[in-house]
Amino acid sequence: MNLFDSHCHLEDERFLGGVDEALAAMEAAGVRRCILAGSEMESSEAIVALTKKYPQVYGVVGVHPHEAKAFEDGNLKRMAEWLSLDKIVGVGEIGLDYFYDLSPRETQKAVLVKQLLFAKEQGVPAVFHVRDAHGDMLDVLRAHRSELPDGVLHCYSGSVESAKQYLDMGFYLSFAGPVTFKNAAKLAEAAIYCPLDRLLVETDSPYLAPVPMRGKRNEPAFVRLVAEKIAELRGMDLEELARIATENTCRLYRISQEKEYDTNA
Ligand code: NI
């Protein structure tokens with residue numbers, strides 16, 4: 001098995017002192033690599049340190065919509081320095097979150113656009129976090145249609161109709177634990193609809209543990225449960241789905257398919 005958890009948060013305090021254990025469990029579950037996603041400068045810096053310590057850990061750096069109000073233009077300079085490292089492979093997570101509204105919506109949009117254009121300029125993909133804001137997100141993306149980086153809608157939570165529009169713009173969709181939940185008919189539809197060559201799997205751990213771990217602390221090893229569910233929904237072999245989702249992750253982030261890791265990021 002060659003699974004890749006394309007989005008998780010081993011830098012989160014809930015993994016403090018438990019990263020080695022989580023990575024061992026990951027290996028045992030056939031999950032060979034993972035990508036950690038930044039929330040602001042502090043977590044991004046912690047991610048950079050983890051990618052240097054662990055060969056199977058990659059990272060993306062950026063400012064989450066929750067933290068948009070704390071964004072400063074100088075952040076981009078630091079992010080550019082981090083992006084010069086081999087294992088820092090994208091900008092994220094960036095986007096809009098109208099469920100929590102922890103930053104004013106206009107600020108969220110402005111910070112999203114700055115980082116979106118920055119990702120394009122750096123030639124790296126963007127990782128989008130969108131919650132209860134697909135209408136505005138699609139508007140922002142359309143307004144910048146000619147200057148979009150590659151990207152992925154992480155922990156995709158939208159409809160098939162929105163999915164179609166993101167896919168038309170060339171983006172990937174990444175599915176997480178919620179696709180395994182009982183009330184997830186709409187999401188299951190999107191996971192079946194998504195073209196196989198645009199589909200990624202992730203945990204977003206420590207959040208959103210898949211069934212039957214729901215309610216527990218999530219961890220990268222559980223991406224196998226997400227992949228199993230999608231394979232079942234699509235009537236595919238797990239091994240085959242894992243292989244394709246990993247290939248997609250490597251293509252999007254320009255990561256080598258080989259299991260040879262470079263520890264000196
Ligand atoms: Ni996340």
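This briefing describes the sheet, the helix contacts and one loop residue of the structure shown above. The model is predicted. At its centre of description is an open sheet of eight strands, ordered 1-2-3-4-5-6-7-8 and paired in parallel. Strand 3, two helix crossings and Pro195 are then taken in turn.

**The sheet**

- The eight strands of the open sheet follow the order 1-2-3-4-5-6-7-8, and their pairing is parallel.
- Strand 1 (3-8) and strand 8 lie at the edges with a single partner strand each, so one side of each has no neighbour in the sheet.
- On average, and with direction ignored, neighbouring strands of this sheet are turned by 30 degrees against each other.
- Three bridges connect strand 7 (residues 172-175) with strand 8 in the parallel sense. Phe175 has Val201 of strand 8 as its bridge partner.

**Helices on the sheet**

- Helix 4 packs on the sheet, where it touches strand 4 and strand 5 (126-131). The direction of helix 4 makes about 160 degrees with that of strand 4.
- Helix 9 (residues 238-253) lies across strand 1, strand 2, strand 3, strand 4, strand 5, strand 6 (151-153), strand 7 and strand 8. Relative to strand 8, helix 9 runs at about 100 degrees.

**Strand 3 and its partners**

- Five of the five residues of strand 3 (residues 57-61) are buried, so this strand is largely enclosed by the rest of the structure.
- From strand 3, Val57, Gly59 and Val61 point one way, while Tyr58 and Val60 point the other way; all are buried.
- On one pairing, strand 2 (residues 31-37) runs parallel to strand 3 and is joined to it by four bridges. Ala37 has Val60 of strand 3 as its bridge partner.
- On another pairing, two bridges link strand 3 to strand 4 (residues 88-97), again in the parallel sense. Here Gly59 is matched with Ile88 of strand 4 as its bridge partner.
- A right-handed β-α-β unit is formed by strand 2, helix 2 (residues 41-53) and strand 3.

**Helix 3 with helix 4**

- Helix 3 (residues 75-83) and helix 4 (residues 105-122) have axes that come within 12 Å and cross at roughly 35 degrees. The crossing of helix 3 and helix 4 is right-handed.
- Helix 3 contributes Leu76, Met79, Ala80 and Leu83 to the contact, and helix 4 contributes Gln115, Phe118 and Gln122.
- By class, five residues of this contact are nonpolar, two are polar and none is charged.

**Helix 6 with helix 7**

- The axes of helix 6 (residues 160-168) and helix 7 (residues 185-193) cross at roughly 35 degrees and come within 9 Å. Helix 6 and helix 7 cross in the right-handed sense.
- From helix 6, Val160, Ala163, Lys164 and Leu167 take part in the contact; from helix 7, Glu189, Ala190 and Tyr193 do so.
- The residues of this contact comprise five nonpolar, no polar and two charged.

**Pro195**

- Pro195 belongs to the loop between helix 7 and strand 8 (199-201).
- Because its relative accessibility is 33%, Pro195 counts as partly exposed.
- Neighbours within four places in sequence aside, Pro195 is in contact with Leu167 and Arg234. Leu167 is also among the residues of helix 6 that make the contact with helix 7.
- Pro195 and Arg105 are 90 residues apart along the chain, and their C-alpha atoms are separated by 32 Å.

Notes
Residues numbered from 1 in each chain as written. Predicted model: local features only at pLDDT ≥ 70, side-chain atom pairs only at ≥ 80, totals over all residues. Heavy atoms only, no water. Axes fitted to C-alpha atoms, helices over the stretch in contact; angles between N-to-C directions. Left-handed = near helix turned anticlockwise from the far one by under 90°. Contact = heavy atoms within 4.5 Å. Nonpolar A, V, L, I, M, F, W, Y, C, P; charged D, E, K, R; others polar. Buried < 20%, exposed > 50% of the residue type's maximum accessible area, 1.4 Å probe, protein only. Pairing = 2+ DSSP bridges. Right-handed = clockwise from strand over helix to strand, strands pointing away.
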